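Student: Could you help me read a protein model? I'd like to start with strands.

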Amino acid sequence: MRFVDEFRDAATARALATKIAGLCEPGRQYKFMEVCGGHTHTIYKHGLEDYLPETVSLVHGPGCPVCVIPMGRVDDAIAIAEHPDVIMTSFGDMMRVPGGRGSFFDSKAAGTDIRMVYSPLDSLKIARNNPDKQVVFMAIGFETTAPSTAMTVLRAAQEKLDNFSIFCNHVTIIPAIKAILDSPDLRLDGFIGPGHVSTVIGCKPYDFISAQEGKPLVCAGFEPLDILQSVYQLLLQLKEGRCEVENQYSRVVPWDGNPKALEVIGEVMELRPYFEWRGLGFISHSALQVREKYASFDAEKIFNVPGVRVADPKACQCGEVLKGVLKPWECKVFGTACTPETPIGTCMVSSEGACAAYYNFGRFSRERVKEATHT
Amino acid sequence: MCLGIPGEVVELLDDGRDLAMVSVAGVRRAVNIGLLHEEKLAPGDWILIHVGFALSKIDEREAQAALDWLQGVGDAYTDELEALATSDIT
Ligand code: SF4
């Protein structure tokens, strides 16, 4: 109960913790995956695991888009940036992600023109202002950011810009969850569904998790109380023998998602046959590419992209962390060779990565875990 | 970039480019509201902004909760606000 004072509604948190404990069947272990990196953040920041009985554990999922970009795609992007007339633009989160030949920052230091932008619309503006340059946007993210990229492509098409393109690395959340459910090393009892992704896709696409896989899922907000409430709802479903998709975050997530956002994604992009995820390997129909109709805005069509495949560094255990098999501190290089300043794996780069969240906020718990395992 | 930042709509720009002026952390910024077509936005409404686009309409209480959450995130929020400060999508 160490962090209870930080809660705006400490009494509610305590009451929830009691109700949660009351729902656990004696002797049964429960394992729930929080898919989204934002939830991981809240869990570590507020020490939420301290509120749960020891039989309930939360494991982290693959919901950090920066963390799942494979090394080869970073190298491909750098190869594009190395064309003399290219300005590569990227979200700041991407800049330190290591590829086989270094990161965007390394490439920039070596002379390429790579610029950080806040929005794909900033890239568009750079393109407008630099008609003699080819401006490429490094498009990453789940369904939360894909609509913004799609809208930007539509705008570029309207303006008939011929010097703007996107290097599309958008990934989709559902196939990643499927891959995790198929993975033999993990037995899960339910999911805490991602908040922001669901504002776009809604709750329906999760139906297969309850209907076919027999696991409950609760879409959750980002407050500590939201997460405790979701754990409570998951346990209640298990107790009552129900298995449903529930929306705890209905104040932001509409059940049907955002139809306009889905429409623009569908207009501009289509599923790739397969895509490589860092640490998870190739997953079929798990990412988006630019439709033929908009090929003139597709950097993969315009530039000669090497399409290299680079194996993850041997020491890196991001795959296990992304699948929830290992906790960040169980990776051999966590906090020693791999830190936010010198990341080996991607989970340490983005603030939403489980390793970075743990490194920045979970030290107290880590210490406690160390003590517990040494005594 | 995954963070959703709350902002309060100040003015709808009627220039056919789906832009609105929004007050975000005390600074006026242009935000694209084209993804919220179905919902009528008006000055005083709160929205959740991702990479320059409004993705959902929220109420003021939720905006405050989102802000509290972001402030707890620390560096990532500061970085995001810095990036936003350099952004100009008009
Ligand atoms: S500590 Fe570094 S290498 Fe290990 S899983 Fe985390 S990010 Fe990957």
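Tutor: Sure, let's take a pair: strand E5 (residues 134–141) of chain A and E6(A) run parallel and are joined by seven bridges. Strands pair if DSSP finds at least two bridges between them. Within this pair, A:Phe137 stands opposite A:Ile166 in E6(A). By the way, this is a predicted model, where local features need pLDDT of at least 70 and side-chain atom pairs count only at pLDDT 80 or more. Residues are numbered from 1 along each chain, and chains are lettered from A.

Student: Which way do the residues of E6(A) point?

Tutor: In a regular strand, side chains alternate between the two faces of the sheet. Here A:Phe164, A:Ile166, A:Cys168 and A:His170 point one way, while A:Ser165, A:Phe167 and A:Asn169 point the other.

Student: Is strand E6 (residues 164–170) of chain A largely enclosed or open, and why?

Tutor: Buried means under 20% relative accessible area, exposed over 50%, and partly exposed in between (1.4 Å probe, protein chains only). Seven of its seven residues are buried, so E6 is largely enclosed by the rest of the structure.

Student: What about A:Phe91, in the loop between strand E3 (86–90) and helix H4 (104–109) of chain A: buried or exposed?

Tutor: A:Phe91 has 2% relative accessibility, so it counts as buried.

Student: And how do helices H1 (residues 10–23) and H10 (residues 224–239) of chain A cross?

Tutor: Their axes, lines fitted to C-alpha atoms over the stretch in contact, come within 9 Å and cross at roughly 20 degrees. H1(A) and H10(A) are therefore roughly parallel to each other (angles under 35 degrees count as that, over 145 as roughly antiparallel, 65 to 115 as roughly perpendicular and the rest as oblique).

Technical notes:
Heavy atoms only, no water. Axes fitted to C-alpha atoms, helices over the stretch in contact; angles between N-to-C directions. Helix = DSSP H or I, 4+ residues; strand = E, 2+ residues; numbered from the N terminus.
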